[in-house]
Amino acid sequence: MTALSGAPRLSRATLSTSRLPSGVQAPAVDPADVSVGLVHLGLGAFHRAHQAVFTEDAAAASGENRWGILGVTQRSARVVEQLAPQDGLYGVLTKGTTETSLRLVGSLRDVAFPGVDTPRVLTTIAAPTTHVVTLTVTEKGYRRAADGRPDLTDPDLAADLDSLASELRGGRPDTPARSPLGLLLRGLALRARQDAGNLTVVCCDNLADNGAVLAALVGTTLDAVPNGDRLRAWVETSVCFPGTMVDRIVPATTDAHRAEARSLLGLSDAGLVIGEPFTQWVIQDRFAGPRPAWESVGATLTEDVAPYERAKLRVLNASHSTLAYLGALRGYTTIAQAVADPALEATVRALVDDDVLPTLVAPDGLDLAQYRDDVLARFANPNTGHTTVQVAMDGSQKLPQRLLGTVRDRLDSGAVPTAAAATVAAWIAYVRATSQGELEVEGRPVGLDDPLAPTLAAAAEGPLGSLADRMLDVRVVFGDDLAGSDVFRSAVRGAVAELVGIRA
Ligand SMILES: NC(=O)c1ccc[n+]([C@@H]2O[C@H](COP(=O)([O-])OP(=O)(O)OC[C@H]3O[C@@H](n4cnc5c(N)ncnc54)[C@H](O)[C@@H]3O)[C@@H](O)[C@H]2O)c1
Ligand SMILES: O=P(O)(O)OC[C@@H](O)[C@@H](O)[C@H](O)[C@H](O)CO
């Protein structure tokens, strides 16, 4: 029996005929009464537990019914298959340290998979009733090259740019899009062609300076497209890319979560997501047109998002990755188990206190030491079940965003970033163990899950004595500056030697 069998499926029909059990919160908006005004690219777990909830609550608070979401999956139709039969309805199971609650969300009004639905997605991005596009497509989804510019050799992006070039010559926008950036650019092109008005594009991925990064990617990609200059000029005057800091720990949903939600709801929910109680959204107040009144339901709209984003990436996400690598290497399944290990907690505190905090300017009213403690308390929540292996994936994409800025700032100030080097060493040891088939967590082998896996595995292979040097030579991760820094190299060499038990 699976987690979904034995109970009718959540849908508008079953919701209207079932009496919701007490304790389960109904959608804050009536899904029948909501039209689409926002398109989301990357309909993973995080969007459903974060921006979709803020958007629904904001619409309910302001009494507006124009902020329904078209959610677009990226790589497969799986999430569409989960949500379309449910009319887009799904639950968010919130798991605190002592309490669990379930709410249903009705703001997701339509779902699409670019493999078959590209024309519909482009038309919706270009609709005058659409005012905002949001994205959560993971770090690797942006297809950036080592220098941060668009990777024009990426076959999916290249195929999309061919389609875009044809559409800019008047061709029909009907080829399936293959990359998030391609989909966005093609949607912008159709919007410009139809003169449908301004648009705001909000990157909600854990990328440093995410708004500016996405704006630059859009601009430099258009430079490479024949006749892209007119579209680029339109984007510069008609599209805003505010930066954001997004925060809520949203682990992957398991069958056990689905079974738990089914027993609370009495209906089965294939689109269920789970999250911790904490949620935060800080958004740069730079919009090209209307937006949901997110500030009315707890989001912070600010001129300067950078201090919030930097504090979150460098404290929370860097600590998360440290616990993920060291925790998995010690055989811990979850982040909560890892942070409960006094040695690992001490390592994380050293990272934050010695190297991260000296690089930060506290955002208004935030006590950074308290923030560190609050983050560690959130990690200790045993009920989210966030796995070390999930957080550890894609290290080549994550470390540059969450750790290497700290390293650069420390080196620039003349300090030796010993604690940050220890996190780099943890990642190196993890890459070595997973790429050589040497890591098991709870008796299950763990492989290396990273878009650069072949390059990393090749660098990890060979004598332990030169492991740190071979890995630091992967310049797409470390850049020429860190690969060329004797101070950093020496710190990483020492930390790797300590971790793998050899002489530096
Ligand atoms: N889960 C969290 O706790 C959390 C918290 C804050 C921010 N985020 C941000 O949200 C992102 C997504 O997290 P999630 O929990 O929704 O993950 P998820 O695995 O549930 O969903 C990831 C989404 O990105 C798409 N994607 C993945 N790889 C891609 C690729 N190579 N090209 C194009 N699209 C790709 C997937 O199709 C999916 O839509 C994270 O990478 C992070 O930047 C997540
Ligand atoms: O989402 P990822 O996989 O990029 O990173 C894993 C976690 O560090 C991250 O998702 C945190 O849970 C999140 O950033 C908390 O807001």
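## Two domains, two ligand shells and a shared core

In UniProt, an unreviewed entry places the feature "domain: Mannitol dehydrogenase C-terminal" at residues 304–498; such positions are given in the numbering used here, with feature names shortened, and annotations may be inferred rather than shown by experiment. This is a predicted model, in which local features need pLDDT of at least 70 and side-chain atom pairs count only at pLDDT 80 or more, while totals for chains, interfaces and linings use all residues. Residues are numbered from 1 along each chain as its sequence is written, and chains are lettered from A and ligands numbered from 1 in the order in which they are written.

The span 304–498 is 68% helix and 2% strand, and its end C-alpha atoms lie 40 Å apart; helices (H or I, at least four residues) and strands (E, at least two) are DSSP runs, numbered from the N terminus. The domain assignment of the protein chain gives domain 1 (12–302) and domain 2 (306–500), with bounds that come from an automatic or database assignment. Their centres, taken over C-alpha atoms, are separated by 29 Å, and the contact between them (C-beta atoms, placed from the backbone, within 7 Å) takes 21 residues from domain 1 and 25 residues from domain 2.

The table gives the classes of both ligand shells, where a residue is near a molecule if its C-beta atom, placed from the backbone, lies within 6 Å of it; Ala, Val, Leu, Ile, Met, Phe, Trp, Tyr, Cys and Pro count as nonpolar, Asp, Glu, Lys and Arg as charged, and the others, Gly among them, as polar.

| Shell | Nonpolar | Polar | Charged |
|---|---|---|---|
| Ligand 1 | 8 residues | 9 residues | 5 residues |
| Ligand 2 | 3 residues | 3 residues | 3 residues |

Around ligand 2 stand Asn-206, Asp-247, Arg-248, Ile-249, Leu-316, Asn-317, His-320, Val-391 and Lys-398, and helix α11 (residues 306–329) supplies the largest share, 3 residues. Because domain 1 (12–302) and domain 2 (306–500) both give residues to this shell, ligand 2 lies between them. Of the 22 residues around ligand 1, those that come nearest are Gly-44, Phe-46, Gln-74, Gly-141 and Asp-205.

The largest nonpolar core has 147 residues, and Ala-328, Ala-425, Ile-428 and Val-492 have the most contacts inside it. Such a core is a set of buried Ala, Val, Leu, Ile, Met, Phe, Trp, Tyr and Cys residues joined through C-beta atoms within 7 Å, buried meaning that 20 or more other C-beta atoms lie within 10 Å of a residue's own. The largest share of this core, 12 residues, comes from helix α18 (residues 418–435).

Methods: A residue is buried if 20 or more other C-beta atoms lie within 10 Å of its own, exposed if 12 or fewer, and partly exposed in between; C-beta atoms are placed from the backbone. Two residues are in contact if their C-beta atoms, placed from the backbone, lie within 7 Å.
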